[in-house]
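This report describes one protein model, beginning with the whole chain and moving on to selected helices and residues. Please keep the structure open while reading.

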Amino acid sequence: MKINTHRRKIIFVVCFLVASTCSVVAGATANSVISLDQSLSADPKQKAQGYLARLQERYAKGDFEGHKKYSDSLLNIAREHDLIELEIVALSNLAVSYNNKGERKEAIRCYQLALDRCEMIPNNPRPKIIALINLGNTYNEMDAFEKGLSSMKKVLSIMDTINAPDHVRAGVLIGISESFIGLANFKDAEKYASQTKNIAEKEGNQALLSASYNNLMDVYISAGDYNVALKIGEEANQRAVFEESSKRKAWYLLFMGITHYHLDNLNNSLDYLKTAITLSQDIELAEIEMRAHEMLAKVYEAKGDFKQSLIEQKEYARLNEKLLLDRAEASVQDVSTDNTSKTSNGQGDSKERSTYTWILLTGIVILLVVVAGYMSKKILSASSQMMIKDVDELKTENVQKDDLPYQNSSLTPAKRDEIKNDLLQLMNEKKLYLDAEVSPHQIADELRISSNHLSEVLSSSFQKNFYAFINSYRVNHAKSLIDLSIEENTKIIAIAFDSGFKSKTTFNRVFKQTTGLTPTAYRQRIIDNLS
C-alpha cells in the first residue's frame, strides 16, 4: 500500500541560496558583513546586510524563531530606507517563516507583496527569482502542482536571460521535481532530482546536497520503490549530509520512517518517526509532525498496539483539520490576489461580480472546514471501531502478547543498575543537558555503551525516552535560574537558552508539561510568595 505523504517542504534552502546571491547585488556579500553590534552604528544598508547575514545564519542552524526576528528587522529597516531589493528578500524570508508554521495564507500574501515590489526594479531579476521559487514551493505544499510547476518554469525563463549561479538553478530543479512527483510523473521527477544532486556534488554544496537526497527519497517513496529509497537514505546517512539543518533532518527522518514501514522494519520505523516528531515539535514544523503521527498510527496498528494507534490517529486528525483549513484560506488568498491583479489591469468584472466571487469563496472555505471536521470525525470513528473489533478478536482468540520492551536484552539487572548510576553521575558532573545539541549517541559514547542499551536503561529505570529525560534536567536547571534571578528580572528567553533549550516555544511547552505552569507564571508565583 502506497502512502501519499504530501511532503512538499524540501527546498526552502533555496531561499537562502538565492538570498546569498541577492546580498551581493544589494551591495555586499554575507561574508563581508560586519558584526551586528558594530552594524548598529553603521549606515542603514550595512545594518540591513547585518540582519540578512544573521537571518541566514539562524535558519541554517534551525533557529526559526531567530530567523523570523531578523527577517522582521530586515523588513522594517528596508522599508524605512527604501531598500527595495532587501525588502523583497525580507518578505520572502517571512513567507518561509509562515510556511514553517503551516500558515500558507500569510506566506502567499508575503510572496505576492514581494512580487509587486519586484515591478519597481525591472532591471534586477534576482529578487523576483527568490519570490517565484518559494511561491512555487508553497503551491506544491498546497498540492497545487500545476501552479507550482508554472512558477518554477517562469524562474527558468528568467534565468536564461541572466548569468544565474548553478546552485540557484539547482534549487529550481528540485522544485520542478517536486511538482512532477505531485503529478505522478516519476520519470521526470527523478531526472530533475538527479541533475540537482550532480550540481550539489560538483560545487560541494552541503545544504543543496542534503535537499537533493531528500528529493530523491521522495521520488522513490512516491513511486513505491522502497528498497531504492532506503539505499539512498543510507548513503545520505553515511555521508552525514543532514547535520547542519534540523528541518532537512526532520524530513529525512520522516522519509526513513516511511521507508522502513513499507519494508516491514517496524521497530526501525518507530524510532525514526518518534525522533521526527520530537524534532518537528522543537522547531515547529507542523506538517512533518502531522505526517509522522499518521505513519505512527499505521506502525502501531501493524504491531498490534491498537490503543496507541488510535492515539496517534487522533493527533493526526487534529493537525490535519488545521492544515485543511489553512489550505482553504491560502487558496482564497491566492484567488483574491489573482482577481485584484486582473482588476488593476482593466480586466476585472463589475462590482456585483466581485461581490459574488467573495460570497462564493467564503462558501468554499466554510464547506472545506465542514468537510475537514467531518473527515476527522470519520477517521476517528473508523479507528475506534477498528480498535474495538481487533481487541475483541484478540480476547476471543486468547492471544497473549508480552508488551514489555527489551525482553531479549543482554543487560543483567546488575549491569542495568550500574549504567543507571553512571548516567546520573554523568549528568550531575558534566551537565551535558545544557548542550542544546546533545544526542543519545553522545551520551552513550560518554558511558561507553550502545545507544540501544542507553534507551533500555532510560525506559526501564526512568520510564522516559532520551529527550524526556534530558528535558527533565533542563527544567530543573531553569527553575533554579528563575529562583536566583527574581531580583534581576532576567528574560525568560535567556533562561531557556542557558538551560539547553533551542527555542522559547519548546521551553514553555516542556516547562508547563513538567510543572503545570508556564515559566512566567512560575516566576510570578515565587514573587507572590515572597511579598
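The text below covers overall figures, then three helices, one helix pair and two buried residues.

**Overall figures**

The model is predicted. Its secondary structure consists of 24 helices and 0 strands. The protein has 531 residues, and 49% of these are buried. Among contacts with a separation of 6 or more, 66% join residues 24 or more positions apart. The accessible surface is about 25,600 Å², and carbon and sulfur atoms hold 49% of that area.

**Three helices and their lengths**

The table sets the expected span of each helix, at 1.5 Å a residue, beside the distance between its end C-alpha atoms.

| Helix | Residues in helix | Expected span | End C-alpha distance |
|---|---|---|---|
| α9 (residues 166-182) | 17 residues | 24 Å | 25 Å |
| α11 (residues 206-223) | 18 residues | 26 Å | 26 Å |
| α21 (residues 466-484) | 19 residues | 27 Å | 28 Å |

For α9, the end-to-end distance agrees with the expected span. The distances for α11 and α21 agree with their expected spans as well.

Helix α9 is mostly covered, with 14 of its 17 residues buried. After α9 comes A184, which has a positive phi near 65°.

Helix α11 is also mostly covered: of its 18 residues, 15 are buried. N205 caps the N-terminal end of α11, placing a side-chain oxygen 3.2 Å from the backbone nitrogen of A207. Just after α11 sits G224, with a positive phi of about 85°.

**Helix α21 and its surroundings**

At the start of α21, N465 brings a side-chain oxygen to within 3.2 Å of the backbone nitrogen of Y467. The buried residues of α21 are F466, F469, I470, N471, S472, Y473, R474, V475, A478 and I482. Their cover includes α18, α19, α20 (451-462), α22 (492-498), α23 (504-515) and α24 (519-530).

Is R474, a residue of α21, buried or exposed? R474 has a relative accessible area of 8%, so it counts as buried, the cut-off being under 20%. The R474 side chain reaches the backbone oxygen of Y433 at 2.7 Å. Leaving aside residues up to four places away in sequence, R474 touches Y433, D435, A436, V438, S499, G500 and F501.

**The α18 and α19 pair**

Two of the helices that cover α21 also pack against each other: α18 (residues 413-430) and α19 (residues 440-447) meet at an angle of about 110°, with their axes 10 Å apart. Because of that angle, α18 is roughly perpendicular to α19. On the α18 side, the residues in contact are I419, D422, L423, L426, M427 and K430. Their partners in α19 are I443, E446 and L447.

**A buried residue in α6**

I108 belongs to helix α6 (residues 104-118). Its relative accessible area is 0%, so I108 is buried. V96 lies 12 residues from I108 along the chain, and the C-alpha atoms of I108 and V96 are separated by 9.8 Å.

Notes
Residues numbered from 1 in each chain as written. Predicted model: local features only at pLDDT ≥ 70, side-chain atom pairs only at ≥ 80, totals over all residues. Heavy atoms only, no water. Helix = DSSP H or I, 4+ residues; strand = E, 2+ residues; numbered from the N terminus. Buried < 20%, exposed > 50% of the residue type's maximum accessible area, 1.4 Å probe, protein only. Contact = heavy atoms within 4.5 Å. Areas by Shrake-Rupley, 256 points an atom, 1.4 Å probe, with all protein chains shown as cover. Expected span 1.5 Å × (residues − 1). Polar contact = N/O pair within 3.5 Å; in protein donor to acceptor, adjacent residues only side chain to side chain. Axes fitted to C-alpha atoms, helices over the stretch in contact; angles between N-to-C directions. Parallel < 35°, antiparallel > 145°, perpendicular 65-115°, else oblique.
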